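Open the model in your viewer and keep the selection tool at hand. This tour moves from strand to strand, then to the ligand.

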Amino acid sequence: MSLQSIIDDHQKKALWVGGKGGVGKTSTASALALALAESGRNTLLISTDPAHSISDSLGQDVSGGDIVKVEGIEGNLSALEIDPAKAIEEFKENLDSGSDSMNELKSSMSMLGLDDINETITESIPPGMDEALSLAKAIQYIENDEFDIVVFDTAPTGHTLRLLALPDFLDSFIGKLMKMRVRISNMFSSIRGLFGGSGEKDTSMEVMDKLKESVKNIKEHLQDPYMTEFIIVTIPTLMAVYESKRLLASLNQFNIPIRRIIVNQIVPETIDCKFCLSRRASQLETLEQIEDYFGDFALIRIQQQEDEIRGIESLRNLSRMLLS
Ligand SMILES: Nc1ncnc2c1ncn2[C@@H]1O[C@H](COP(=O)(O)OP(=O)(O)O)[C@@H](O)[C@H]1O
Ligand SMILES: [Mg+2]
């Protein structure tokens, strides 16, 4: 079960790369995305880490929250660094421009000296909503036919687990918002009746309906073993291994499919340096623990390279190692 089989598996629509900070998530995600693109698949690399670093890894500026085409490769690779603030602005605009009746409602309410409905909705947007919306946006790229596959470079464990818990959170929040909206709509109908207003359709409910539907899709996508795989990256240190165990346990709880674990930054045997050799000895002990504990998974071992992994050529080298 090497990584080559992921490249060959055309049913796969999404690869998530996760793990502790600094283990090599971004390098791995970028290298895999590059390999996929150069194998002929139209690939999108998305960073969900607020401390985006795919620009640094690719050696090209792909920041700004929009999809950017990656240059200098043989194939189609695009990249996107998700901007949570942008996602929430879009959501608010959708709610706002969703309906003429919303504007009518606002003026009727202020005539009656009531609160501004927009403020009520905006104020009840809970923390985490921006990221939930970003996730919903990212998942849309899996569904749309523009890309064959999406590779996610995720934030360190804790943040990513919160992100993956968001569909449940979002579901209940939208439910509350919709109930509130129904109540306000009913009130509005009575007011409109008084003023003899028209019966225009309020499309902001549709916006929320669509959002609710996409939340359901997110969960189905994340749990589908044919479409999705979450790859854990770790290094042979006890701290990293403990964290990987916790990550694995949480992903299992979410029913997210995992089959492969990448063990990165292994000090090569051939190295001629006392310090490195002693480090290697302790890594070998930890590797044994990794083999014991993660025995059910395909382990992909990657050696520590002399240089940092940066730029297309360097990523190509890493992808060769990952796939062999
Ligand atoms: N096998 C490796 N050999 C040499 N440098 C590596 C290796 N894997 C990762 N790095 C370097 O380690 C640093 C952290 O890697 P990165 O992919 O950004 O990790 P993460 O995304 O998990 O924080 C980067 O400078 C990267 O180039
Ligand atoms: Mg990273």
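Two strands count as paired when DSSP finds at least two bridges between them. Keep that in mind throughout this predicted model.

**Stop 1: strand E2.** Select residues 43–47, which form strand E2. Are these residues buried or exposed? Five of the five are buried, so the strand is mostly covered by the count of 20 or more other C-beta atoms within 10 Å. Now turn the strand to view each face. Thr 43, Leu 45 and Ser 47 sit on one side. Leu 44 and Ile 46 sit on the other. Both faces are covered.

**Stop 2: strand E5.** Add residues 149–153 to the selection. This is E5, joined to E2 by five bridges. The two strands run parallel. For a landmark, pick Thr 43 in E2; its bridge partner in E5 is Ile 149.

**Stop 3: strand E4.** Next, select residues 77–81, strand E4. Which way does E4 pair with E2, parallel or antiparallel? The pairing is parallel, over five bridges. Find Ile 46 again: Leu 80 of E4 stands opposite.

**Stop 4: ligand 1.** Leave the strands and centre on ligand 1. Its shell holds 16 residues. Label the closest: Gly 24, Lys 25, Thr 26, Ser 27 and Gln 305. Then colour the shell by residue class. Ten residues are polar, three are nonpolar and three are charged.

**Stop 5: what supplies the shell.** Show helix H2 (25–38) and strand E7 (260–266). Each gives at least two residues to the shell around ligand 1. Which element gives the largest share? H2 does, with three residues.

How values were computed:
Residues are numbered from 1 along each chain as its sequence is written. Chains are lettered from A and ligands numbered from 1 in the order in which they are written. This is a predicted model: local features need pLDDT of at least 70, side-chain atom pairs count only at pLDDT 80 or more; totals for chains, interfaces and linings use all residues. A residue is near a molecule or strand if its C-beta atom, placed from the backbone, lies within 6 Å of it. Helices (H or I, at least four residues) and strands (E, at least two) are DSSP runs, numbered from the N terminus. Ala, Val, Leu, Ile, Met, Phe, Trp, Tyr, Cys and Pro count as nonpolar, Asp, Glu, Lys and Arg as charged, and the others, Gly among them, as polar. A residue is buried if 20 or more other C-beta atoms lie within 10 Å of its own, exposed if 12 or fewer, and partly exposed in between; C-beta atoms are placed from the backbone.
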